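Grab a pencil and work through these exercises with the model open beside you. Each task comes with a solution in small steps.

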Amino acid sequence: MNLHEYQAKSRLEAFGIPVPHGQVAGTPQEARRIAENLGGTVVVKAQVLTGGRGKAGGVKLAWTPAEAEAHAQAILGMNIKGHIVRQVLVDPASAIKQEIYLGITNDRAARKPVIICSAEGGMDIEEVNRRKPEAIIREHVDPLLGLCDFQINALASGIELPYPLWKQFRRLAQALYDCFIASDATLCEINPLAITEEGDLLALDAKMSIDDNSLFRHPDLAALRDTSAEPEAETRARAANLSYVRLDGQIGCLVNGAGLAMATMDMTSLYGEADGIGPANFLDIGGGADAETVAAALRIILTDPDVKAILLNIFGGITRADEVARGVIQAFSEFESDLPKIVRLVGTNEEEGRRLLEEAHIPNIITATTLSEAARKAVAAVKGG
Amino acid sequence: MAILINLNTRLLVQGITGQQGLFHTRQMIAYGTNVVGGITPGKGGQWVEGKPVFDTVRCAAEATGANVSVIYVPAPFAADAILEAIDAELPLIVAITEGIPVRDMMRVRRALDQSQSRLVGPNCPGLLTPGQSKVGIMPGHIAMPGSVGVVSRSGTLTYEAINALTQRGIGQSTCVGIGGDPINGTSFLDVLQMFEDDPDTEKVVLIGEIGGTDEQKAAEFIGQHMTKPVVAFIAGRRAPEGRTMGHAGAIVEGGVGTAAEKIALFQSVGVRVADTPEQIPELVAS
């Protein structure tokens, strides 16, 4: 789960990291009032969960409150890479001497957090990594020891940070690590971290991602989730404990298990690619799903207007085929649907599952025994329709 | 012989009184696994399915002489359960639990590196040595004893592969699910080494997916050290970048970990890669 810039900055501030004292506005008038209160020059920044805001014109400098209002007017409602801007952050502008980068993420291969620093602040760190990898300094953090001062010194030295700032930098880096750990973050990034004309460090922009698996112990962070930018189906899927990703094809897939769900996507595109046919989604109903979960999953697929055929692929281990059949029957008793439904039910209680489906007389059911057969039949059904 | 589990396996079940733990304890006993006891803090002294329940892993291990523990404890408490099993010095720990936070697993990984214990999982279907022992949740009836070792990051896709092998009359030595999380206990490489050393295993099937670099390391290892033939299948050819596909570890980040990259590396070291799960037994047999 990703936090908005203003949410991340307020979280960082709670851990003692200096940030500009701006406020969030939902209307141009509010933006104007905030600018009036702040006085002086302000920055109006689109709050969207995607990168490239600056290039899209979503970040603008305003010298007067009237200008702040005009910029907010232009930015609110803007579509940035499919995300509609609903809020802007109005921050006081700062006089900047230098911009640096400081971030913490998990290094999967090293199985440890890694703190990353660069004197090339203000640009995408991936871009810096491509163009000038030697400008990036990294220190892996032992999760049992935490971030040590000598490691922060190594970062400061590596980016040639002026020595008078080291003490401040040590405090800030330590606070960032504390925030990263306490928030179960998978990314905590300050970019840019400004050195102001007054000689202070100031976090001008920040990004935070939280490990979804940890949200059970962070109700305060879970409450920050902004679902307005994601497809409604994904919000509903999360509520039903389903793992769902919308894709651009026509075959609505319902599968138990992530690996099998991926393989099902792959098979449909393998057989359909030549005709421009592919999966409409990734959907894993998880292990041991009951009838209600299956019905919830089918409802999500059935509300996708692009879906021209449904492919149900269940390999019953813990998941029982008869439970799945009951869910299918329940869902189709609510929604009349003429769409072709390719059903492959194997494993635990498969005979019972097939018998239930046959007796329910759901229109347009096509059965299959292997995954390849099911995928081919689904592709053929889309072509035929 | 086989690897990791066999007829000498003496199994403890952590979380034996929970819904999942109880259901699968019954399944494992029915398969013939030697379950010697279970652990649920606060329920020590009770009996489940004729097996003694203990408050702590240490007490359970001392009383039963167990050599393997399987964990069905819910995600918020699972990391602590693994740490407890490490502390009790169990040589093999199998964590089935899905959804353990990354931060917890980094701490576990660190403790593991300083111990003699091996962890399989988390977020995995466990282990199955057909005809001998089953530890975890794999459906036992789809497997048959034989000489093909199966190692996989997936759950149901593994069943698909095992089932396809069995349908063709090809049996398995041991089936190992290493799990779909970004930080886990046992890698492809570890299991490949064990299969290479196991006299009962003649061929290996590896089922990977997008995300991370574990398959790339496996390919390198196969190229340098494996004498036994390996057949692979990689799920997620059509996965978009930056989206997690169900497993926390199944995500293509910054163009790294794509299916195409993994398939090409496997092919470069002579591993035959199946296009469909049904093709796996064909490649194994040929």
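**Exercise 1.** Find how β2(A) and strand β7 (residues 88-92) of chain A pair, and over how many bridges.

*Solution.* Keep in mind that this is a predicted model. Start with the two strands: β2(A) and β7(A) run antiparallel and share 3 bridges. For a spot to look at, take Q23(A), which sits opposite V90(A) in β7(A). Now widen the view: the pair belongs to an open sheet of 4 strands, ordered β2-β7-β3-β4 (chain A), with antiparallel pairing. At its edges lie β2 (23-25) and β4 (59-62) of chain A, each paired on one side only. On average, neighbouring strands here are turned by 25° against each other, if you ignore direction.

**Exercise 2.** Work out which strands of that sheet are touched by helix α1 (residues 5-14) of chain A, and which by helix α3 (residues 65-75) of chain A.

*Solution.* Take α1(A) to begin with: this helix packs on the sheet and touches β2, β3 (42-46) and β7 of chain A. Its direction makes about 45° with that of β7(A). Then go to α3(A), which touches β3, β4 and β7 of chain A. The direction of α3(A) makes about 165° with that of β4(A).

**Exercise 3.** Name the partner strands of β8 (residues 96-107) of chain A, β11(A) being one of them, and look at its hairpin with β9(A).

*Solution.* One partner is strand β11 (residues 185-196) of chain A, joined to β8(A) in the antiparallel sense over 8 bridges. Within this pairing, G103(A) has E189(A) as its bridge partner. Another partner is strand β9 (residues 112-118) of chain A, also antiparallel to β8(A), with 7 bridges. Here L102(A) is bridged to C117(A). Finally, check the turn: the hairpin of β8(A) and β9(A) has 4 residues between the strands, and R111(A) takes a positive phi near 60°.

**Exercise 4.** Move to chain B and find the strand order of its 7-stranded open sheet.

*Solution.* The order reads β3-β4-β2-β1-β5-β6-β7 (chain B), and the pairing is mixed. The edges are β3 (47-48) and β7 (118-120) of chain B, each with pairing on one side only. Zoom in on β1 (residues 11-14) and β5 (residues 68-71) of chain B: they pair in the parallel sense over 4 bridges. V13(B) faces V70(B) in that pair. Add the helix α1 (residues 19-31) of chain B, which packs on the sheet against β1, β2 (35-39), β3, β4 (51-54) and β5 of chain B. Its direction makes about 165° with that of β1(B).

**Exercise 5.** Decide how helix α3 (residues 75-87) of chain B lies against helix α4 (residues 102-113) of chain B.

*Solution.* The two pack at an angle of about 5°, with their axes 10 Å apart. Angles under 35 degrees count as roughly parallel, so α3(B) is roughly parallel to α4(B). Next, the contact: A79(B), I82(B), L83(B) and I86(B) of α3(B) meet D104(B), M105(B), V108(B), A111(B) and L112(B) of α4(B). Sorted by class, that gives 8 nonpolar residues, no polar and 1 charged.

**Exercise 6.** Do the same for α6 (residues 188-197) and α7 (residues 214-225) of chain B.

*Solution.* Their angle is about 30° and their axes are 8 Å apart. That makes α6(B) roughly parallel to α7(B). The crossing is right-handed. The contact of α6(B) with α7(B) has 6 nonpolar, 2 polar and 4 charged residues.

Note on methods: Residues are numbered from 1 along each chain as its sequence is written. Chains are lettered from A and ligands numbered from 1 in the order in which they are written. This is a predicted model: local features need pLDDT of at least 70, side-chain atom pairs count only at pLDDT 80 or more; totals for chains, interfaces and linings use all residues. Side-chain values use heavy atoms; hydrogens and water are left out. Two strands pair if DSSP finds at least two bridges between them. Axes are lines fitted to C-alpha atoms, for helices over the stretch in contact, and angles run from 0 to 180 degrees between N-to-C directions. Angles under 35 degrees count as roughly parallel, over 145 as roughly antiparallel, 65 to 115 as roughly perpendicular and the rest as oblique. A crossing is left-handed if the near helix is turned anticlockwise from the far one by less than a right angle, and right-handed if clockwise. Ala, Val, Leu, Ile, Met, Phe, Trp, Tyr, Cys and Pro count as nonpolar, Asp, Glu, Lys and Arg as charged, and the others, Gly among them, as polar. Contact means heavy atoms within 4.5 Å.
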